[in-house]
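Q: Could you take a close look at one part of this model for me? I'd like to hear about the salt bridges and where their partners sit.

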Amino acid sequence: RPPRSTLFPYTTLFRSRQYPILGLNLLRLLAQNRIAEFHTELELLPVELQLSNEFIKFPAQLEQHIMEGSYNKVLSAKTELGPLFQKEGMYFMDMLVDTVRDEIADCSEKAYASIKAADLQGLLMFTSAKELADFAEQRGWSVDGSVVTFSKMEDEAPAQKLPSTQLIQDTLAYAKELERIV
């Protein structure tokens with residue numbers, strides 16, 4: 001029985017390309033950072049197919065690397081596409097690399113106020129300082145010599161203080177009321 005996916009009508013028309021189409025769809029969902037939909041589609045496929053079919057296994061492994069935070073494996077997987085998806089998959093791999101770089105950039109902004117440009121270039125797996133400078137400009141970062149300074153979000157809401165004493169008193173009052181009712 002063929003796998004039931006949202007692409008089922010298309011895969012039945014093109015039975016010979018069924019698994020490459022399903023694999024490309026999984027790759028597309030990953031590249032668009034639509035992880036919940038990715039998992040839904042993957043769960044519709046039999047487990048033995050997920051483990052044995054290269055077109056399905058490749059996107060599943062990429063997703064596992066993303067969940068582990070092994071972004072370098074995802075970025076280097078672009079060169080491993082080979083004959084698997086040929087040119088069709090390259091478009092989605094480019095999108096996925098951009099998505100992963102954005103995730104790394106988001107984490108870096110939250111973790112550091114500034115970082116050495118060479119270190120950030122390595123993290124983002126850029127091959128040149130020009131690529132890093134262009135990326136930094138897009139994100140609103142300032143590059144001053146060998147240091148990249150991240151722009152802080154001024155509109156972040158300050159942490160609100162919880163009225164813990166009041167919450168404890170209210171909870172105890174509710175407990176006494178429940179005790180009286182029972």
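A: Let's start with the network: Asp-102, Asp-106, Glu-109 and Arg-139 are tied together by salt bridges. Keep in mind that this is a predicted model. In total, the structure has seven salt bridges.

Arg-139 also belongs to helix 9, which covers residues 129–139. Back along that helix, Lys-130 and Asp-134 pair up side chain to side chain, with 3.0 Å from N to O. They sit four residues apart, so about one helical turn separates them. Lys-130 is exposed, at 55% relative accessible area, while Asp-134 is partly exposed, at 35%.

Helix 5 (residues 54–68) has a pair of its own, with Glu-54 and Lys-57 three residues apart, again about one turn. Their closest N and O atoms are 3.2 Å apart. Both partners are partly exposed: Glu-54 has a relative accessible area of 41%, and Lys-57 comes in at 24%. The spacing in these pairs fits a general rule: an α-helix has 3.6 residues a turn, so residues three or four places apart point the same way.

Then there's Arg-34 with Glu-37, whose side chains meet at 2.5 Å, N to O. Arg-34 is partly exposed, with 30% relative accessible area, and so is Glu-37, at 37%.

For contrast, look at helix 2 (residues 18–31). Here 11 of the 14 residues are buried, so the rest of the structure largely encloses this helix. Among the buried ones are Leu-22, Leu-26, Leu-29 and Leu-30. After helix 2 comes Asn-33, with a positive phi near 60 degrees.

How values were computed
Residues are numbered from 1 along each chain as its sequence is written. This is a predicted model: local features need pLDDT of at least 70, side-chain atom pairs count only at pLDDT 80 or more; totals for chains, interfaces and linings use all residues. Side-chain values use heavy atoms; hydrogens and water are left out. Helices (H or I, at least four residues) and strands (E, at least two) are DSSP runs, numbered from the N terminus. The expected span of a helix is 1.5 Å times one less than its number of residues. Buried means under 20% relative accessible area, exposed over 50%, partly exposed in between (1.4 Å probe, protein chains only). A salt bridge is a side-chain nitrogen of Lys or Arg within 4 Å of a carboxyl oxygen of Asp or Glu.
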